[in-house]
Amino acid sequence: VEKAENGLKVTVTVGGKVVETLDGGVTAVTDASVNGSVAYQVTADGEKLIKLSYVEDGKLYANLPGSGEIVVKDNTKTFRDVEDNWAKPAIDFAASRELFNGVNELDFAPNQAMTRAMLVTVLYRLEGAKSGAASKFADVPADSWYAEAVAWANAEGIVSGKSETLFAPNDDITREQLATILYRYADYKGYDVTQREALSDYIDRDAVSAYAVEAIGWAKAKGLLNMEERMLLPGERVRRRRVADMVMQFCENVIG
């Protein structure tokens, strides 16, 4: 890593030759002052936000496809309803990477329930995917803001419908559903999903749906589910603030 005219230049060489692309990418580390600090990759078309990044101990860790130039900027979004919220660092993280939008220009609505449509859209943005595919579900209009995200997530096996023809985009997400979707996304990306925490010590372990057992064990092992001692609360509805926190932990503990 060396200084460039407007930022930093990351150069990966093998045998004296510069590698422009690299399977799995390369992690660039630079200084960062706030959790809303993000990296942009400099391209011929301008600057492209690097969403796979996180800040820890004043350092920004950004995943790049290979050699290139990056700039680091503070892209923190300001919401009047999160200043005193415990999840503010996570909300800053998610909003600055443009994974979440506010419900309007002033409010994030941290206590609002997270829906299935919202969650697949967050992952679609994290992936930087451009599906262009049409949803097969009758309750997902082709012109809806979540249509491409639903089509992508379903096609990749990350999220299934409630039936062959219905997706239920406005249904609230539960903790076990969220863990399962993140688990499937991690597996889709090729990340290690073999680590598990046994659920035998949790009082409500029998309340976990059979399909979610492995995912809950993985999410606990990765530090994605942190709630009351000895309680998993698999059926509890998840709020937007909690999803922002889990997405931040996912980037730090799974991607990082």
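This briefing walks through the aromatic rings of the structure above and the charged side chains that sit over some of them. The model is a predicted one. Across the whole structure, a search turns up 13 aromatic pairs. A pair of this kind is described by how far apart the ring centres are and by the angle between the planes.

**A stacked tyrosine pair**
- Tyr54 and Tyr61 have ring centres 5.1 Å apart and planes at 10°, so they count as stacked.
- Tyr54 is buried, at 11% relative accessible area, whereas Tyr61 is partly exposed, with a relative accessibility of 23%.

**A tilted phenylalanine pair**
- Phe137 and Phe167 make a tilted pair, because their planes stand at 45° with the ring centres 5.4 Å apart.
- This pair links distant parts of the chain, with the two positions 30 residues apart in numbering: Phe137 belongs to the loop between α2 (116–127) and α3 (147–155), and Phe167 to the loop between α3 and α4 (175–189).
- Both rings belong to buried residues: Phe137 has a relative accessible area of 5%, and Phe167 has a relative accessibility of 0%.

**An aromatic cluster**
- One cluster brings together Tyr124, Trp152, Tyr183, Tyr185, Tyr188, Tyr191, Trp218 and Phe250.

**Charges over rings**
- Phe167 appears here again: the charged end of Arg116 sits over its ring, 4.2 Å from the centre.
- Tyr40 has Lys73 over its face, at 5.4 Å from the ring centre.

Note on methods:
Residues numbered from 1 in each chain as written. Predicted model: local features only at pLDDT ≥ 70, side-chain atom pairs only at ≥ 80, totals over all residues. Heavy atoms only, no water. Phe/Tyr/Trp six-rings, centres within 6.5 Å; stacked < 30°, edge-to-face > 60°. Buried < 20%, exposed > 50% of the residue type's maximum accessible area, 1.4 Å probe, protein only. Helix = DSSP H or I, 4+ residues; strand = E, 2+ residues; numbered from the N terminus. Lys NZ or Arg CZ within 6 Å of the ring centre and 35° of its normal.
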